[in-house]
Amino acid sequence: MTKEQKNVKNRVYYLSHREEAKTSTRMWRQAHPEQVKAIRRTYLLAHREELAAKSRAYHLAHREQQNARSLAYDKALTTEGLRIFGDKCACPGCEVREPVFLTIDHINGRPKGSRKNALLEARASGWDKTKFQILCMNCNFAKRDRGFCPVHQAGLEQTNGHSPP
């Protein structure tokens, strides 16, 4: 039997037993997750440059679609955050309602070393209203730079007589 005949015979066998082979492979992978992880790691290390080149080529070829997906995801996340936290700035004296000017703010400041997007952090926390709030850009920047928001402080003075620190 020639090499080509053996290849044809093996191919015919594989095609007739494909589902059985897939099932046994799937079962082996489930039973040996650490070995699967090691095999993948070895492959990724051995083919790092090739995979990076493929990734770059794909990104360049599909940049428009990726950007559109990213923008749609960001818009959906922002809409969800605004729906849950309210659609206006949390400062008492501020009446900004335009979504373009609203941001999510860490009430007690960003945790040390945190580099995540605040919206992603808020969603991961289950939209915890004790840790996050909606502020307009002006109030958010004032809070960041001065430690308090003048509009917020003015609203507090009108409601209960407190003055800024």
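This passage describes the fold, the largest pocket, a surface patch and several salt bridges of one protein.

The model is predicted. The protein has 165 residues, and 18% of them are buried. Its secondary structure comes to eight helices and two strands. Along the sequence, these elements follow the pattern α-α-α-α-α-β-α-β-α-α. Five helices thus come before strand S1, as the pattern shows. Strand S1 covers residues 102-106. Strand S2 covers residues 132-136. Helix H6, residues 118-124, stands between the two strands in the pattern.

The largest pocket has a volume of about 460 Å³. Its lining is made of 20 residues. The closest to the centre are Thr-103, Ile-104, Arg-110, Ala-118 and Asn-140. Several elements share in this lining. Helix H5 (63-85), strand S1, helix H6 and helix H7 each supply at least two residues. The lining is mixed in character: eight of its residues are nonpolar, seven are polar and five are charged.

A nonpolar patch lies on the surface. Its area is about 380 Å², and its members are Val-100, Phe-101, Met-137 and Phe-141. Two of these members can be placed in more detail. Val-100 sits in the loop between H5 and S1. Met-137 belongs to helix H7, which runs over residues 137-146. The two residues are 37 residues apart along the chain, yet their C-alpha atoms are separated by 9.2 Å. Their exposure was also computed. Val-100 has a relative accessible area of 61%, so it counts as exposed, the cut-off being over 50%. Met-137 has a relative accessible area of 31% and is partly exposed. A patch member needs over 30% relative accessible area, so the value of 31% lets Met-137 qualify.

The structure holds five salt bridges. Three of them are described here, beginning with a pair inside one helix. Lys-54 forms a salt bridge with Glu-50, and their closest N and O atoms are 3.7 Å apart. Both residues lie in helix H4, which spans residues 48-61. They are four residues apart, about one turn of the helix. Lys-54 is exposed, with a relative accessible area of 52%. Glu-50 is partly exposed, at 38%.

A second salt bridge joins Asp-87 and Arg-97, with the closest N and O atoms 2.9 Å apart. Both residues lie in the loop between H5 and S1, so the pair ties together parts that are 10 residues apart in sequence. Val-100, a member of the nonpolar patch, lies in the loop between H5 and S1 as well. Asp-87 is partly exposed, with 45% relative accessibility. Arg-97 is also partly exposed, with 44%.

A third salt bridge is formed by the side chains of Arg-144 and Asp-145. The N to O distance is 2.8 Å. Arg-144 has a relative accessibility of 57% and counts as exposed. Asp-145 also stands at 57% and counts as exposed. Both residue numbers fall within helix H7, residues 137-146. Helix H7 also holds Met-137 and supplies at least two residues of the pocket lining.

One residue stands out for its backbone. Trp-127 has a phi near 55°, a positive value in a residue other than glycine. Trp-127 is placed in the loop between H6 and S2. Its relative accessible area is 11%, so Trp-127 is buried, the cut-off being under 20%.

Methods:
Residues are numbered from 1 along each chain as its sequence is written. This is a predicted model: local features need pLDDT of at least 70, side-chain atom pairs count only at pLDDT 80 or more; totals for chains, interfaces and linings use all residues. Side-chain values use heavy atoms; hydrogens and water are left out. Patches are made of residues with over 30% relative accessible area and no salt bridge: like charges are joined within 9 Å, nonpolar side chains (Val, Leu, Ile, Met, Phe, Trp, Tyr) within 5 Å. Accessible areas come from the Shrake-Rupley method with a 1.4 Å probe; for residues, only the protein chains shown count as cover. A salt bridge is a side-chain nitrogen of Lys or Arg within 4 Å of a carboxyl oxygen of Asp or Glu. Buried means under 20% relative accessible area, exposed over 50%, partly exposed in between (1.4 Å probe, protein chains only). On a 1 Å grid over the protein atoms alone, a cavity is a set of points where a 1.4 Å probe fits but cannot get out, and a pocket is an open set with protein on both sides within 12 Å along at least five of seven lines; lining residues have an atom within 4 Å of a point. Grid points are joined across faces, edges and corners, and a volume is the space filled by probe spheres set on the points. Ala, Val, Leu, Ile, Met, Phe, Trp, Tyr, Cys and Pro count as nonpolar, Asp, Glu, Lys and Arg as charged, and the others, Gly among them, as polar.
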